[in-house]
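Q: Please walk me through one part of this model up close, at a pace that suits a beginner.

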Amino acid sequence: MINLLLSSLIPLTATLIILLSLRKPLRKLTDAQTVYSLWILLPLTLILYMLPLPWHYLGELNNPEIQTFLVKPTQSFTKNLVNDSSLSQGAIWLWFTGVFALLAYWLISHVNFTKALNLSEENLSAELKSAIPNALSINRSNHVFSPVLIGLFKQKLVIPEDFTELYSPEQQKLIIAHEVCHYSHNHMWANQVALLLLALFWFHPLAWRAYAVFRQDQEHSCDQVVLARKQTRSRVQYCKALVIAAETSPPNAFTIMSFKQNGEHNFMFNRIEQIKNMKPTSKVFTTTKLTLITLVSTALLAGVSYAGNHLQQGVDIEQAKIEAYPTHRIEPKYPVNAAKENIEGSVVLKFDIEGDGSVANVEVINGKPAYVFDKTAITALKQWRYKATGKTIKNQLVQLDYLMDDSSPRPESLIERIKVKS
C-alpha cells in the first residue's frame, strides 16, 4: 500500500499543480462551473495511472526461447531484511495513524455536531417548500448559523431558528436555491471522496490546499447556478445575504456544507467579487467552455496515462522480432520490502539496443503488482550488454519474473522471461 501511495505522488502532485494553476485563468475565460467540473480529473488521473493496460499484442512479440536467471540472497541482504523491518513498519504505522486520526476526528466532529443540532420542525412558507425536492427533508436548529446540508443517504436541510427574521423573502429563496444546488449536484458525496483522498495523502501539503480550494470552487459553482438567469436586483440581494451570513456567524462556526463557507469572511468577499464579474451565457460562450474543458481534460489525462504506463504507440513488430541475446547481464536485486512481505510478481520492460550492444531507453510498460519491482528491474537492465550489430534495435521486450523460491508457480509465458529468485 505504501509503495502504491508513493508511486501515486507524481501524478497527484502534477495534477494538483495544474489544477491549482489553471483555476483562476480558466474562471476568467469561462465560469465557476467549468472550473469546478475540472476537479473530477484528480480521481480520474489517479485511477488511470494505476490501471494496467491490455497487453494482448505481447504474444506476437514472444521470444520462443525462455531464459532463466536466478538471483540468490546474500548474507548482507538477509541481514538488511531484518534491520530494515522496523523502519518500514514504522513508516506504515505512521501513515496509518494519520489516516485513522483524521477519519476518526471528522467522524466524531460530525456525530457531535449532529447530536447538538436538536432538530425541530420547520415552518417555511408554501412557496419556499415548493422549491425544495420532496426527498430532501427540512428542519430547524438553534445550533446552526446558516443553512446546512447533513447526511448522505438521507440528506436533511437544516436552517437557523431566525432564518425568516434575518433574510428577506427573496433572499430566502436564493439561499434555499443554493442549498438545493448542492443537493441536486450530489456535492455531499463529492465532498466525501475529497475527504477520503485528503486522508490518504494527509502528508502532502498540496492536498490540504487543494481540498480548501475545491470547496471554494464548489461554492462559486452553486452561486453561478443560482444567479445564472437572475437580474441585477437578485444578485444584489444575494450578495447582501452573504454579508448577513458572515456577520451573524461565529468566526469558527462548524459547518459541513453551508451558504457561508466555514466562517471565512475573506472568502465571502471573494464570492461577492465573482458574482459581480459573472458572465452571461450564450451559445458562443458555451462552445468556448466545452472546447476548453475538452482540451484541458484530454491533455491532462493523456499526460498522466503516458507517465504512468510508459506506453508508446507504433511498436515496430518486425524489428522487435529480431533475435538479440544478452552477452552480459547484471542480476536484479530483490526489493527488500517485497521480500519482507513475501510478494512475487513480474515486470515487463521495453528497451533499445544500441549499435555497440549497450541498452538504452528502458521503460516499464507493465508490472504485476504495479510499481513494486520497477526500480530494481530498470537498474539491472541498464547494465546489460548485447552483441554489437552496428545498428540500433528498437522496442525490445523482456519480462523479469520475481519469485521467492523454486517452489513458486511460474507466471504464464508472455515474452522472454528472466526468473529473479529471492
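In which helix does W93 lie?

A: W93 lies in helix 5, which covers residues 85-116. Here helices (H or I, at least four residues) and strands (E, at least two) are DSSP runs, numbered from the N terminus. Before we go on, keep in mind that this is a predicted model, where local features need pLDDT of at least 70, side-chain atom pairs count only at pLDDT 80 or more, and totals for chains, interfaces and linings use all residues. Residues are numbered from 1 along each chain as its sequence is written, and side-chain values use heavy atoms, leaving out hydrogens and water.

Now look at the surface. W93 has 53% relative accessibility, so it counts as exposed (over 50%; buried is under 20%, and partly exposed is in between, with a 1.4 Å probe and protein chains only). W93 joins F96 and F100 in a nonpolar surface patch, and together they have about 380 Å² of accessible area. Such areas come from the Shrake-Rupley method with a 1.4 Å probe, with only the protein chains shown counting as cover for residues. For a nonpolar patch, side chains of Val, Leu, Ile, Met, Phe, Trp or Tyr are joined within 5 Å, each residue having over 30% relative accessible area and no salt bridge (a Lys or Arg side-chain nitrogen within 4 Å of an Asp or Glu carboxyl oxygen).

Next, move to the loop between helix 5 and strand 1 (120-121), where you will find N118. Most residues other than glycine have a negative phi. N118 is not a glycine, yet its phi is positive, about 50°. N118 also counts as exposed, because its relative accessibility is 59%.

Methods. Patches are made of residues with over 30% relative accessible area and no salt bridge: like charges are joined within 9 Å, nonpolar side chains (Val, Leu, Ile, Met, Phe, Trp, Tyr) within 5 Å.
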